[in-house]
Amino acid sequence: MPSCDAIVIGGGINGLAAAGRLALSGAKVTLLETAPELGGMATLAHLCMGLDPRLEKSLALADHGLVWAERNVSSTALSPDGNHIVLKGAFAETVEGSLSAEDRRAWTSLRDTLLRNAALLAPFKAMPPPRLARDHGTPLLDLLRNGLALRRMGRDNLREFLRLMLINVADVLDDELADDRLKGLIAFDTVLGHHAGPRSPNSLLGLYHRISSEVNGQQGAIALPRGGVAAVIAALAGAVRARGVTIQTGARVKAITAEDDRVQSVTLESGEIFTTSLVVSALHPATTLLSLVGAPVLDTGVVRNVRNIKSRGSTAKLTLTLQGKPDFHGADLRSRLVIAPSVRAVEEAFNAVKYGAFSEAPVMELLLPQAFSTEPDLGRHTLSALVQFAPHDLRMGWVKGKPAFLKAIMKQLEHFAPGIGKQVIAADLLTPHDIAQHFGAPGGQWHHAELSVEQMLFLRPGVGLAQYATPVRGLYLASAAMHPGGGVNGSAGWNAAGHALAKGGAA
Ligand SMILES: Cc1cc2nc3c(=O)[nH]c(=O)nc-3n(C[C@H](O)[C@H](O)[C@H](O)COP(=O)(O)OP(=O)(O)OC[C@H]3O[C@@H](n4cnc5c(N)ncnc54)[C@H](O)[C@@H]3O)c2cc1C
């Protein structure tokens, strides 16, 4: 029976990040991943919207092959008549195209405010969320320190900060800007990956989550690694292996065994058992606690809280193989192309999922990776699309619904790139239901657990579960469901491993 200091379950970005941090402390770590390849949901991702600098630096990802093809991918708000605007620099520093002088001034000022507010929230991402009632020590001190930073903002800025914490993004955009293309793009960025529309309460927090992250030291940047997001996973896997982590793919964990509320071992579906006193699970908390540990071992209150975690995925992924480059009315393809013509279009696309339907006019983010490559154009192009909104549970059922949803997406694409339908050689559509099945993440949610105000900070992913630790001693939670949420950044995994080490690991 093999034994090791620590077992990490799940070879997504967070499992790899956790394994790396544990290995850096000198622990003998084994990582178990059910799929034949590593990466989990990151294999669906096409851009880096933040990579935790702690893991990038500590694990020296550059030494393991991570190179940026583009440190600041521009965003193009597509218009069906070719009147696009292009947002360049980290979080739209400049806007190219026909935008009124008034909107340019208003955007500069709004952008400053949003970046400043988001920066105040950034330090929270690197620490375990404080336990407001009972905890003491560093997290609470850090919280207070940040409180002081807020006070130093001055009364007007503080008032504005508090107002913008609670507001929805649609109201902010309508108050400050006139241009539908710009407003549609920012609204889309706010709700990408979330089960929320721009008019949902507190939706602006979604934008803060994204732009409080940084890539290459640039707050709010969106970057593309050479070789795509897969290159981040490859570099991370190389780095953790170099630090002695044993990675087993094709290794499906069936059970986590505990005795006297203390973790003892991990059993694979193959029957292999690993004895260990520290398990860090980068699977959804419900999978970890209800399926692997088992509800009978847990208090009913814990079981109820885990069952109540909201995990409604509403982002689909479409990959098209095209004959030739598509033409979005002359848009530069070396950009992130966004179809979100107005705030209203984004809100209406969200309305559908509330009633178990997919949007008939979906909003989406498109990327043509070859446009960023220096390889010769061989004629075939891949178009990667993140499409919103589609529910996990479709009322008409996904067997009938999938071709109909694909038709709706193609109709929308055709509107912005006439003739694209004729270029399609192959189409691969993954609905949130497919994503849940494929990655074992209930709901197929981008953040595993929805990142909504009632599931944030000390409430993430649910009451009594916010500190990475579980009622089983030696078992920690590390997936995107944990603070500070998802994305290809590894922060949750890094924090969870750090917290486990601070608590003495298995103790
Ligand atoms: C459609 C879509 C597009 C996205 N695009 C982007 C993007 O462009 N940029 C971005 O920053 N973020 C993107 N995201 C979000 C990002 O991919 C996720 O938040 C992140 O990858 C989650 O990582 P994780 O390690 O927490 O979980 P996961 O990636 O879900 O990893 C969990 C791992 O555990 C494995 N596993 C499951 N059950 C078992 C078991 N029983 N035993 C062993 N292993 C098991 C799974 O196979 C998986 O590899 C996207 C998400 C979606 C759904």
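His-448 sits in the loop that runs between α15 and β20. This is a predicted model. His-448 is not a glycine, yet its phi is positive, at about 60°. Is His-448 buried or exposed? Its relative accessible area is 12%. The cut-off for buried is under 20%, so His-448 counts as buried.

The loop between α15 and β20 (475-477) also holds Pro-461. A cis peptide bond links Arg-460 to Pro-461. Omega there is about 0°.

**Other backbone features**

His-329 also has a positive phi without being a glycine; the value is about 50°. Its place is the loop between β15 (315-323) and β16 (336-339). The relative accessibility of His-329 is 32%, so this residue counts as partly exposed.

Which peptide bond has omega near 10°? The bond from Gln-388 to Phe-389 does, and it is cis. Phe-389 belongs to the loop between β18 (380-388) and α13 (398-416).

**The ligand site**

The shell around the ligand counts 34 residues. Asn-14, Glu-33, Met-41, Leu-47 and Trp-446 come nearest. By type, the shell residues are 19 nonpolar, 12 polar and 3 charged.

Which domains each give the shell at least three residues? Domain 1 (6-68 + 226-310 + 445-502) does, and so does domain 3 (315-439). Two helices also take part: α1 (13-24) and α15 (432-439) each supply at least two shell residues.

Three of the nearest residues place a polar backbone atom by the ligand, as tabulated here.

| Residue | Protein atom | Ligand atom | Distance |
|---|---|---|---|
| Met-41 | backbone N or O | oxygen | 2.8 Å |
| Leu-47 | polar backbone atom | nitrogen | 2.7 Å |
| Trp-446 | backbone N or O | oxygen | 2.6 Å |

How much of the ligand does the protein cover? On its own, the ligand has 1000 Å² of accessible area, and the protein covers 98% of it.

**Helix α11**

Helix α11 spans residues 300-307. Its buried residues are Val-302, Val-303 and Val-306. Why do these three share a side of α11? They cover an arc of only 100° around the axis, which puts them on the same side of the helix. The general pattern is simple: an α-helix has 3.6 residues a turn, so residues three or four places apart point the same way. Thr-300 and Arg-304 lie on the other side of α11, and both are exposed.

**Ser-342 and the start of α12**

Ser-342 lies in the loop between β16 and α12 (343-354). A polar atom of the Ser-342 side chain is 3.0 Å from the backbone nitrogen of Ala-345. Ser-342 has 15% relative accessibility. With the limit for buried set at under 20%, Ser-342 therefore counts as buried.

Note on methods. Residues numbered from 1 in each chain as written. Predicted model: local features only at pLDDT ≥ 70, side-chain atom pairs only at ≥ 80, totals over all residues. Heavy atoms only, no water. Near = heavy atom within 4 Å. Polar contact = N/O pair within 3.5 Å; in protein donor to acceptor, adjacent residues only side chain to side chain. Areas by Shrake-Rupley, 256 points an atom, 1.4 Å probe, with all protein chains shown as cover. Helix = DSSP H or I, 4+ residues; strand = E, 2+ residues; numbered from the N terminus. Nonpolar A, V, L, I, M, F, W, Y, C, P; charged D, E, K, R; others polar. Domains from an automatic or database assignment. Buried < 20%, exposed > 50% of the residue type's maximum accessible area, 1.4 Å probe, protein only. Arc of directions from axis to C-beta.
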